[in-house]
Amino acid sequence: MTSNPIGVYRGLDELRAACATVHLAEDPGYEGARHPWQLMVQQWPAAVAQPRTADEVAAVVRAAARAGLRVAPQSTGHNAGPLEGLEDAVLLRTSLLGEVTVDPQRRRARVGSGVLWGDVGVAVAPAGLVALHGSSPDVGVAGFSLGGGIGWLARRFGMQCNSLLAVELVLPDGELARVDADSDPELFWALRGGGGNFGVVTALEFALYPVTSVYGGALVWDWRDASRVFARWTQWTTEAPDEVSTSCRILQLPSIEVVPPPLRGRQVAMIDGAVLADDEAAEKILAPLRELGPEIDTFGRMPARDLGRLHGDPEGPTPAVASASMLGSLPAAGVDAFVEAAGPDSGSSLAVAELRQLGGACGRPHPGAGALAMLHGEFAMFACALVAEPAAVRIGERDAERVENAMAPWSRGHYLNFAERPVDAALGFAPEAYERLQRIRRRVDPDGLMLANHHVPAAA
């Protein structure tokens, strides 16, 4: 889209009238409103709007279009790194759309697009239900769901995007719509995995699952044992049943109060996850890992509502740099390359170098799936450095890229929800799915009003 100064000026006046909370660059509230969760990302939009209702969202979209500005929806900004070029855009923060409604009989929830997964967990647990949330309670439901969504139940039930039942959104033409499999099957298909390219989501409805407890926890070794732990784990994953979802990580933990004393200030190798089975069956499944003699073993029966904090991800805005990719099966050489890049002799500054177990229901086409029917990889790789000061940024980026480069021979594209830097969005989809997404983008947004973090352009 193109803009002109007079149109922008008039449009910004209209924008202020459309929404109760609008911050322009000269306003006192702009500085606080522009920052995403990922504090290393600098966002400088033409304006920041924080609507309280779906009608206000629609008014903001219409005002932005009349001003020649694009619209960039954002809830928390966990994956804000790939979102580029906001100088001609309104950053539309949906964090105030916070309604949560649970229907226990129908096993479904309806949530506003500003809701966090921690809020959902609290709301659904009394009904003996669980949602397909991720590994952190302060990740937003909307972005997570639109881009795929994998967590501790994904290998059993699939990705969260394919548990969506309906999406309420403001289309690029400014109209409110409720989209499901009957009202607009093509757009509903695109919204389930195709990201925020098709409108501003105001609410989502999704399925819930009858899970009250799991056998979950962590196994911990000193990081000097990383080679044998990763070698055993990668072999074990090839035969692990769908009922188990795990990750294997190298962690360099800071000496701060929020880290539990047994781990504080330490460098460890850790396997964590959850098993959807009774205790006896779960212990048999985990036995090959326990044979390695972990120093700490916290696996046991736990409430499903506590799964959101099992991984110990940082809560609250965090300065970090990261790299990611999706991997195929890993031979011994792949395990060695990973440990050499991030392990005890690497000199790495990374706080975490992780392999997340895929496969199971994530590795098979989901019946009636959306744009992301399955993930064509065995593992999702994620490497992250916490960078509290500017001098650490370059070092962290170097170390994160070193892990990504080391795993390049086994790369199978990207799981875009983990891609914290700009990548070609086509690498996140099957070729025919990506082309279909482009055709749908052309139908609903031919002028390119919407600005998503992982950009899918309209078909030519």
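**Exercise 1. Placing single residues.** For R16, R107, E295 and R442, state which helix or loop holds the residue.

*Solution.* R16 belongs to helix α1, which spans residues 5–18, where helices (H or I, at least four residues) and strands (E, at least two) are DSSP runs numbered from the N terminus. The model is a predicted one, in which local features need pLDDT of at least 70 and side-chain atom pairs count only at pLDDT 80 or more, while totals for chains, interfaces and linings use all residues. Residues are numbered from 1 along each chain as its sequence is written, and side-chain values use heavy atoms, with hydrogens and water left out.

R107 is located in the loop between β5 (100–103) and β6 (108–112), and its phi is near 55°, a positive value in a residue other than glycine. E295 is in the loop between α9 (279–290) and β13 (296–297), whereas R442 is part of helix α12.

**Exercise 2. Accessibility and separation.** Classify R16, E295 and R442 as buried, partly exposed or exposed, and set separation along the chain beside separation in space.

*Solution.* The classes are buried (under 20% relative accessible area), exposed (over 50%) and partly exposed in between, with a 1.4 Å probe and protein chains only. R16 has a relative accessible area of 36%, so R16 is partly exposed; E295, with 47%, is partly exposed, and R442, at 46%, counts as partly exposed.

For the distances, the C-alpha atoms of R16 and F382 are separated by 40 Å, with their positions 366 residues apart along the chain. R442 and D297 are 145 residues apart in sequence and 52 Å apart in space, C-alpha to C-alpha. E295 and W221 are 74 residues apart along the chain, and their C-alpha atoms are separated by 5.4 Å.

**Exercise 3. The cavity.** How many cavities of 30 Å³ or more does the structure hold, and which residues line the largest cavity?

*Solution.* Rolling a probe the size of a water molecule over the atoms shows where empty space is left. On a 1 Å grid over the protein atoms alone, a cavity is a set of points where a 1.4 Å probe fits but cannot get out, and lining residues have an atom within 4 Å of a point. Grid points are joined across faces, edges and corners, and a volume is the space filled by probe spheres set on the points.

The structure holds 1 cavity of 30 Å³ or more, and the largest cavity has a volume of about 60 Å³. Its lining consists of I150, G151, W152, A154, R155, S245, T246, R356, Q357, L358 and C362. Two or more of these residues come from each of α6 (154–157), β11 (244–252) and β16 (352–357).

One of the lining residues, S245, lies in strand β11 and is buried, because its relative accessibility is 3%. S245 and L153 are 92 residues apart in sequence, yet 6.6 Å apart in space, C-alpha to C-alpha. R356 and W152 are also among the lining residues, and the charged end of R356 sits over the ring of W152, 5.5 Å from its centre; this term requires NZ of Lys or CZ of Arg within 6 Å of the ring centre and within 35 degrees of the ring normal.

**Exercise 4. Rings.** How many aromatic pairs are counted, and why does the pair of F382 and F418 tie together parts that are 36 residues apart in sequence?

*Solution.* Rings of Phe, Tyr and Trp (its six-membered ring) pair if their centres lie within 6.5 Å, and planes under 30 degrees apart count as stacked, over 60 as edge-to-face and the rest as tilted. By this rule there are 9 aromatic pairs. F382 and F418 form a tilted pair, 5.7 Å centre to centre with 55° between the planes. F382 lies in strand β17 (residues 379–386) and F418 in the loop between α11 (391–406) and α12 (431–444), so the pair ties together parts that are 36 residues apart in sequence. Both F382 and F418 are buried.

Elsewhere, ring pairs link W117, F144 and F206 into a cluster, and the charged end of R34 sits over the ring of W44, 3.6 Å from its centre.

Terms used: On a 1 Å grid over the protein atoms alone, a cavity is a set of points where a 1.4 Å probe fits but cannot get out, and a pocket is an open set with protein on both sides within 12 Å along at least five of seven lines; lining residues have an atom within 4 Å of a point.
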